[in-house]
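Student: I have a model open and would like to work through it. Can we take it piece by piece?

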Amino acid sequence: MSEPTSRRAVIKVDGLRKTYGSLVAVANASFEVLKGEIFGLVGPNGAGKTTTMECVEGVRRADGGTIAVLDLDPLRDAAQLQPRIGVQLQQSHLQKRITVREAMHLWAALYDRPAADGDRLLAQLGLAEKRDAWFMTLSGGQQQRLFIALALVNEPDVVFLDELTTGLDPQARRAIWDLVRGIRERGKTVFLTTHLMEEAERLCDRVAIMDSGRVIDVDTPARLVSRHCPDRLVVVATDAADAAIRFGSIPGVSRVNLVDGRYEIEGQNDDLTTAVIQCVSAHGMRVSDFRAVTPTLEDVFLALTGHSIRD
Ligand SMILES: Nc1ncnc2c1ncn2[C@@H]1O[C@H](COP(=O)(O)OP(=O)(O)OP(=O)(O)O)[C@@H](O)[C@H]1O
Ligand SMILES: [Mg+2]
């Protein structure tokens with residue numbers, strides 16, 4: 001991926017604020033989504049992700065701040081903008097007895113501009129055989145895939161996906177991730193929300209970490225981890241003589257502990273794992289177990305907010 005700064009922002013949110021009565025759902029959210037990236041709004045239940053996304057889509061009116069999507073105002077320029085975006089809502093329902101094909105036709109009829117090839121879209125999403133099936137007979141994963149198909153019916157430039165893999169098993173989740181990557185491959189921009197840190201880490205080019213209505217930080221998952229959780233740990237089981245001394249002399253290593261016959265090597269070197277492997281190899285050490293423990297976005301969230309995302 002090229003450096004984000006050289007790419008055009010298709011969504012610009014600055015100082016967004018949204019209240020429901022006395023409840024401040026979004027206190028102050030600022031971020032940009034760049035053309036052709038998968039951007040994730042990540043945070044726990046109630047963080048304000050859906051509210052933020054709905055303001056960006058023009059479904060809700062913000063109380064403060066500015067929003068531009070494709071250089072348009074989502075509310076004032078709704079008529080111009082709506083044909084260019086695709087939306088999959090968090091809680092989508094269709095009539096029980098509408099068929100997949102009928103739903104696709106219904107959605108396509110909402111747009112003036114030439115619709116995507118519905119049959120091709122269904123085939124790409126693995127729904128070709130379900131074309132004549134009733135909505136209520138589809139599995140959860142198939143329903144999600146249909147909602148993605150509906151969000152793509154108008155060949156949108158920007159696709160909004162709200163918690164699209166919630167409730168799916170790991171296999172169906174992976175299949176959906178591949179579909180979302182496919183949307184990016186077609187040159188579209190994807191703006192999604194998730195409370196699953198693993199999903200954000202595996203799928204998103206960049207993420208905004210959100211908690212209690214605030215965007216706390218925005219960056220690539222790797223850079224967030226590197227900036228906020230610099231500690232690395234490599235665990236090696238070896239009976240080689242002088243192992244402790246050798247590990248201790250690796251650049252960047254701050255501590256070596258021997259616990260239950262395993263050396264725990266700690267340091268703030270992003271390349272600690274490589275350095276340990278090189279050390280093991282250079283001294284011909286016999287190793288019976290090896291494990292690198294790399295922090296994840298969950299650790300980043302904990303470091304930034306002081307609480308776990310699952311609390
Ligand atoms: N229509 C509404 N009326 C009143 N309060 C609302 C409304 N919608 C959301 N809220 C409140 O605003 C806050 C943010 O909700 P929001 O749905 O944006 O969170 P979220 O990050 O999408 O959560 P989740 O992960 O559960 O989907 C919550 O405290 C929620 O209860
Ligand atoms: Mg939500």
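Student: Which strand holds Val-287?
Tutor: This is a predicted model, so keep that in mind throughout. Strand S13 covers residues 287–293. Val-287 lies in that run, in strand S13.

Student: Is Val-287 buried, partly exposed or exposed?
Tutor: Its relative accessible area is 32%. Buried needs under 20%, and exposed needs over 50%. The value for Val-287 falls in between, so Val-287 is partly exposed.

Student: What accessible area does the nonpolar patch with Val-287 have?
Tutor: Val-287 shares this surface patch with Ile-277 and Phe-290. Together the three have an accessible area of about 230 Å².

Student: Where is Asp-205 found, and is Asp-205 buried or exposed?
Tutor: Helix H7 (197–203) comes before Asp-205, and strand S8 (206–211) follows. Asp-205 is in the loop between them. Its relative accessibility is 15%. The cut-off for buried is under 20%, so Asp-205 is buried.

Student: Which residues make polar contacts with the side chain of Asp-205?
Tutor: Take the backbone contact to begin with. The backbone nitrogen of Ile-38 lies 2.8 Å from a polar atom of the Asp-205 side chain. A side-chain to side-chain polar contact, also 2.8 Å, joins Asp-205 to Arg-184. The partners here are Ile-38 and Arg-184.

Student: How far apart in space are Pro-251 and Asp-271?
Tutor: Pro-251 lies in the loop between helix H9 (243–248) and strand S11 (253–259). Pro-251 has a relative accessible area of 63%, over the 50% cut-off, so Pro-251 is exposed. In sequence, Pro-251 and Asp-271 are 20 residues apart. In space, C-alpha to C-alpha, the separation is 9.9 Å.

Student: Now the ligand. Which residues come nearest to ligand 1?
Tutor: There are 14 residues around ligand 1. The nearest of these are Gly-46, Gly-48, Lys-49, Thr-50 and Thr-51.

Student: Which residue has a polar side-chain atom 2.8 Å from an oxygen atom of ligand 1?
Tutor: Consider three contacts to ligand oxygen. The side chain of Asn-45 has an N or O atom 3.0 Å from an oxygen atom of ligand 1. Ala-47 offers a polar backbone atom at 3.1 Å. The 2.8 Å distance belongs to the side chain of Thr-50.

Student: How much of the accessible area of ligand 1 does the protein cover?
Tutor: On its own, ligand 1 has 630 Å² of accessible area. The protein covers 64%.

Student: Which element gives the largest share of the shell around ligand 1?
Tutor: Two elements give two or more residues each: strand S2 (23–34) and helix H1 (49–57). By class, the shell has 5 nonpolar, 6 polar and 3 charged residues. The largest share is 3 residues, and it comes from H1.

Student: Which backbone oxygens does the side chain of Thr-305 reach?
Tutor: Thr-305 lies in helix H11, residues 297–305. Its side chain reaches the backbone oxygen of Phe-301 at 2.8 Å. The side chain of Thr-305 also reaches a second backbone oxygen at 2.8 Å, that of His-307.

Student: To finish, what share of the protein chain is buried?
Tutor: The chain has 11 helices and 13 strands. Its C-alpha trace spans about 75 × 45 × 35 Å along the principal axes. Of its 311 residues, the buried share is 45%.

How values were computed:
Residues are numbered from 1 along each chain as its sequence is written. Chains are lettered from A and ligands numbered from 1 in the order in which they are written. This is a predicted model: local features need pLDDT of at least 70, side-chain atom pairs count only at pLDDT 80 or more; totals for chains, interfaces and linings use all residues. Side-chain values use heavy atoms; hydrogens and water are left out. Patches are made of residues with over 30% relative accessible area and no salt bridge: like charges are joined within 9 Å, nonpolar side chains (Val, Leu, Ile, Met, Phe, Trp, Tyr) within 5 Å. Accessible areas come from the Shrake-Rupley method with a 1.4 Å probe; for residues, only the protein chains shown count as cover. A salt bridge is a side-chain nitrogen of Lys or Arg within 4 Å of a carboxyl oxygen of Asp or Glu. Helices (H or I, at least four residues) and strands (E, at least two) are DSSP runs, numbered from the N terminus. Buried means under 20% relative accessible area, exposed over 50%, partly exposed in between (1.4 Å probe, protein chains only). A polar contact is a pair of N or O atoms within 3.5 Å; within protein, one must be able to donate a hydrogen and the other to accept it, and residues adjacent in sequence count only if both atoms are side-chain atoms. A residue is near a molecule or strand if one of its heavy atoms lies within 4 Å of it. Ala, Val, Leu, Ile, Met, Phe, Trp, Tyr, Cys and Pro count as nonpolar, Asp, Glu, Lys and Arg as charged, and the others, Gly among them, as polar.
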